[in-house]
Amino acid sequence: MSVGAHVGRDRPLEAAAALGADSVQVFLSDPQGWEKPPPRRDAAELCDSPLPLYVHAPYLINVCSPRNNIRYGSRKILTQTCEAAAEVDAAAVIVHAGHAEDGIAEGVGRWGRTLEMLESDVTVLIENTAGGTNAVARRFDALAKLWEVVSAAKTSVQLGFCFDTCHAHAAGEELSDAVERVLAIVGRIDLLHANDSRDPPGTGADRHANLGAGQIDEEALRGMIRAAGAPVVVETPGGIKEMRADIDFVRATVGA
């Protein structure tokens, strides 16, 4: 099993070596901005590397929004992120599912339209989210409605699912069988974001903690990591020491 970490945009391969990581995840642009990802000077090096590179799309993307400027802008930056990810031979682009102020049903419908318009040579992984009113992938019942729509979308884009342990905890889902219930909806987890949570369950707070040091029951956390059967990326705080400890936590859990 591949176990990697989210690292800074600069010199990600050096960061992976320092962490002993099997993969890396990065932003290609400001995660809180709408700017097009700039060309990377290390694009050839990233393409030549055997390490899988995952790209996380900006947080502001919300293709479910009823507001035209937000929705159209989100589609544009998602397309630009996918194009930039292809230039560095990324394994996948991860994007938050978003929310719709006018209702979940309307939001999931806009995902279907987005996928019909989107072109990407890179796999797109939709991620469950921690909070937000009418979020289309916070609670698993909403995720089921979303997945019905995206599975039926007329698109050439390869789609998949990224499961975040902190987000499921923040959403207030029961964690003992969370992975099994998600798998019953999406069929396969393509990437696991293994994160503990700073906050109690059900708060909707997306604040990650180091593995075993947060509010998620440790055995529940280990159970989700084992059950997912997917490559893992940790998105946890701290420096090299703390992140290496989190990678070791995952490897010890799966017996790697």
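The following paragraphs lead through the interior, the aromatic pairs and the pockets of one protein structure. The structure is a predicted model, and residue numbers count from 1 along the chain as its sequence is written.

The interior is a suitable place to begin. The largest nonpolar core has 70 residues, and W111, L146 and F163 are the members that touch the most other members. Which residues surround F163, once its neighbours within four places in sequence are left aside? The contacts of F163 are N128, F140, A168, A178, V179, V182, I189, L191, L192, H193 and M224. There is also a second, separate core; it has 7 residues, among them Y54, A92, I94 and C162.

L191, one of the contacts of F163, deserves attention in its own right. This residue belongs to strand β7, which covers residues 191–194. Is L191 buried or exposed? Its relative accessible area is 0%, and because buried means under 20%, L191 counts as buried. Apart from neighbours within four places in sequence, L191 is in contact with Q25, Y54, I94, L125, F161, C162, F163, A230, P231, V232 and V233. Among these contacts are Y54, I94 and C162, which also appear in the second core. For L125, a distance is available: the C-alpha atoms of L191 and L125 lie 8.0 Å apart, although 66 residues separate the two along the chain.

The aromatic rings come next. A pair of aromatic rings is described by two quantities, the distance of the centres and the angle of the planes. The model has 3 aromatic pairs. One of them joins F140 and F163, with 6.5 Å from centre to centre and 55° between the planes, and this pair is tilted. F140 lies in helix α5 (residues 140–152) and F163 in strand β6 (residues 159–164), so that the pair links parts of the chain that are distant, 23 residues apart. Both of these residues are buried.

Another pair consists of W147 and F161. Why is this pair edge-to-face? The ring centres are 5.6 Å apart and the planes stand at 85°; because planes over 60 degrees apart count as edge-to-face, the pair receives that description. Here too distant parts of the chain are linked, since W147 is in helix α5 and F161 in strand β6, 14 residues apart. W147 has a relative accessibility of 9% and therefore counts as buried. F161, at 0%, is likewise buried.

A loop residue offers a further example. P37 is placed in the loop between β2 (24–26) and α2 (43–48). With 7% relative accessibility, P37 counts as buried. Leaving out residues up to four places away in sequence, P37 touches L28, S29, I77, Q80, T81 and A84. P37 and M117 are 80 residues apart in sequence, and their C-alpha atoms are 20 Å apart in space.

Finally, there are the pockets. Rolling a probe the size of a water molecule over the atoms shows where empty space is left. The largest pocket holds about 480 Å³ of space. Its lining comprises 25 residues, and Y59, H96, T129, H167 and D206 are those nearest its centre. Sorted by class, this lining contains 7 nonpolar, 14 polar and 4 charged residues. The second largest pocket holds about 170 Å³. R9, D10, R11, L28, P38, P39, R40, R41 and D42 line this second pocket, and they divide into 3 nonpolar, no polar and 6 charged residues. One of these lining residues, L28, is also touched by P37.

Notes:
Predicted model: local features only at pLDDT ≥ 70, side-chain atom pairs only at ≥ 80, totals over all residues. Heavy atoms only, no water. Core = buried A, V, L, I, M, F, W, Y, C linked by side-chain atoms within 4.5 Å. Buried < 20%, exposed > 50% of the residue type's maximum accessible area, 1.4 Å probe, protein only. Contact = heavy atoms within 4.5 Å. 1 Å grid on protein atoms, 1.4 Å probe; cavity = no way out; pocket = protein on both sides within 12 Å on 5 of 7 lines; lining within 4 Å. Points joined across faces, edges and corners; volume = space filled by probe spheres on them. Nonpolar A, V, L, I, M, F, W, Y, C, P; charged D, E, K, R; others polar. Phe/Tyr/Trp six-rings, centres within 6.5 Å; stacked < 30°, edge-to-face > 60°. Helix = DSSP H or I, 4+ residues; strand = E, 2+ residues; numbered from the N terminus.
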